[in-house]
Amino acid sequence: MNQTILLKNRPQGTPQLSDFEFQKEDKDLQISEGEILLETKYISVDPYLRGRMSDAKSYVPPFNLNEPISSGVVAQVKASKNDKFKEGDYVSGSLEWKTEQVSNGEGLTKVSEEQAPLSAYLGVLGMTGLTAFLGLHEIGKPKAGETLLVSGAAGAVGSVVGQIGKILGLRVVGIAGTDEKVELLKTDFGFDDVINYKTTEDMTQAIKTACPDGVDVYFDNVGGSISDSALFSINRFARLIICGAISVYNSTELPTGVSVQPFLVKNSALMQGFIVSNYADKFPEAIKQLSEWVSKGELKYKETIVEGFENTPQAFIDLFSGKNKGKMIVKA
């Protein structure tokens, strides 16, 4: 049987398993001229998908109820009537949460398991790596000797951002939620210092202590009170990169916090949000650089791989309690 995961309800607060529905159908999928049959191998689950589950205006349309959810997927071509793909090829792109599906091949990129593990194309060599590299470069404009602060530092994007910062000669400070993640960031990823926000009573002071020369670049993955605290340490001409706000994605009330304007004015600082597709024209050069760093062992990556297509909704839900180290991926 071919399985599909549908969005059954729009989540109220943190998503629940009851918000998803599994649909089974006969596996006899047929392809027409120009089409390919794909078997799902790996599925990316990402915090931004939570926004698409709400019926609210955003940079991408919301998911429709009772229709398949989609995200980054690595799949194998099982049959082809498309000259660009042959049976056995592996491809990466935005696909539906299905064990098998038919595609016309548009938007799909061939990937090689000889160059890197297939799962890496959903992480460090995929949208995760591109988000980290391009956000830091295009908005952060880092300079050697500066201080880079990264929230959500043990996550997929944050762990890559910090390592790129080290490669470029910055002092890198991370913020994470467990002692295990703190140790991981220091020993495996080379962060200079890491703050455990769950055991820190005064985040504002903790950031000041960890960043004695202030913060020149802040890469923000979480929003909320942690990012409020970071404002008290930004330097003159600091650059604040707003990549995500996972701490408030499930809020049912309007979040409140400090007013950012006085901090930005006083420090002539820049705060800019972005989505990675803003820099689509720079994807090839970014992938080339990321691949080079990975092949040289300068850029490491961590994955949390959950086995089983049926566990995809739970893997997504687990993102919001920080159960992932690095990129959360489902092996179908």
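# Working through the cores, a helix and two loops

Gly 308 sits in the loop between strand 14 (303-307) and helix 9 (312-318); helices (H or I, at least four residues) and strands (E, at least two) are DSSP runs numbered from the N terminus. This is a predicted model, where local features need pLDDT of at least 70 and side-chain atom pairs count only at pLDDT 80 or more, while totals for chains, interfaces and linings use all residues. Residues are numbered from 1 along each chain as its sequence is written, and side-chain values use heavy atoms, with hydrogens and water left out.

**Exercise 1.** Work out whether Gly 308 is buried or exposed, and find what it touches beyond its sequence neighbours.

*Solution.* Start with the cut-offs: buried means under 20% relative accessible area, exposed over 50%, and partly exposed in between (1.4 Å probe, protein chains only). Gly 308 comes in at 13%, so it counts as buried. Next, look for contacts, meaning heavy atoms within 4.5 Å. Setting aside neighbours within four places in sequence, Gly 308 is in contact with Val 330 and Lys 331. Finally, try a C-alpha to C-alpha check: Tyr 42 is 266 residues away in sequence but 9.6 Å away in space.

**Exercise 2.** Find the largest nonpolar core and say which elements give two or more residues to it.

*Solution.* A nonpolar core is a set of buried Ala, Val, Leu, Ile, Met, Phe, Trp, Tyr and Cys residues joined through side-chain atoms within 4.5 Å. The largest one has 46 residues, and Leu 134, Leu 148, Val 161, Ile 164, Leu 185 and Phe 219 have the most contacts inside it. Two or more residues each come from helix 2 (127-140), strand 8 (147-150), helix 3 (156-167), strand 9 (171-176), helix 4 (179-187), strand 11 (215-220) and helix 8 (283-295). Helix 2 provides the largest share, 6 residues. There's also a second, separate core of 27 residues, which includes Leu 38, Val 45, Ala 75 and Ile 317.

**Exercise 3.** Describe how helix 3 is placed, and what its buried residues pack against.

*Solution.* Length comes first: helix 3 has 12 residues and spans 17 Å from first C-alpha to last, close to the expected 16 Å (1.5 Å times one less than the number of residues). Then burial: 10 of those 12 residues are buried, so helix 3 is largely enclosed by the rest of the structure. Among the buried ones are Val 160, Val 161 and Ile 164. Their packing partners are helix 2, strand 8, strand 9, strand 11, helix 8 and strand 15 (327-331). Just after helix 3, Gly 169 takes a positive phi of about 90°.

**Exercise 4.** Where is Ala 144, and which residues does it touch?

*Solution.* Ala 144 is in the loop between helix 2 and strand 8. With a relative accessible area of 61%, Ala 144 is exposed. Leaving out residues up to four places away in sequence, Ala 144 touches Leu 168, Gly 169 and Leu 170. Its C-alpha is 4.5 Å from that of Gly 169, with the two positions 25 residues apart in sequence numbering.

**Exercise 5.** Pick out the positive phi values at Phe 237 and Ser 268, and place both residues.

*Solution.* Most residues other than glycine have a negative phi. Phe 237, in strand 12 (residues 234-242), has phi near 65°. Phe 237 is partly exposed at 49% relative accessibility. Ser 268 has phi of about 50° and lies in the loop between helix 7 (261-266) and strand 13 (270-273). At 35%, Ser 268 also counts as partly exposed.
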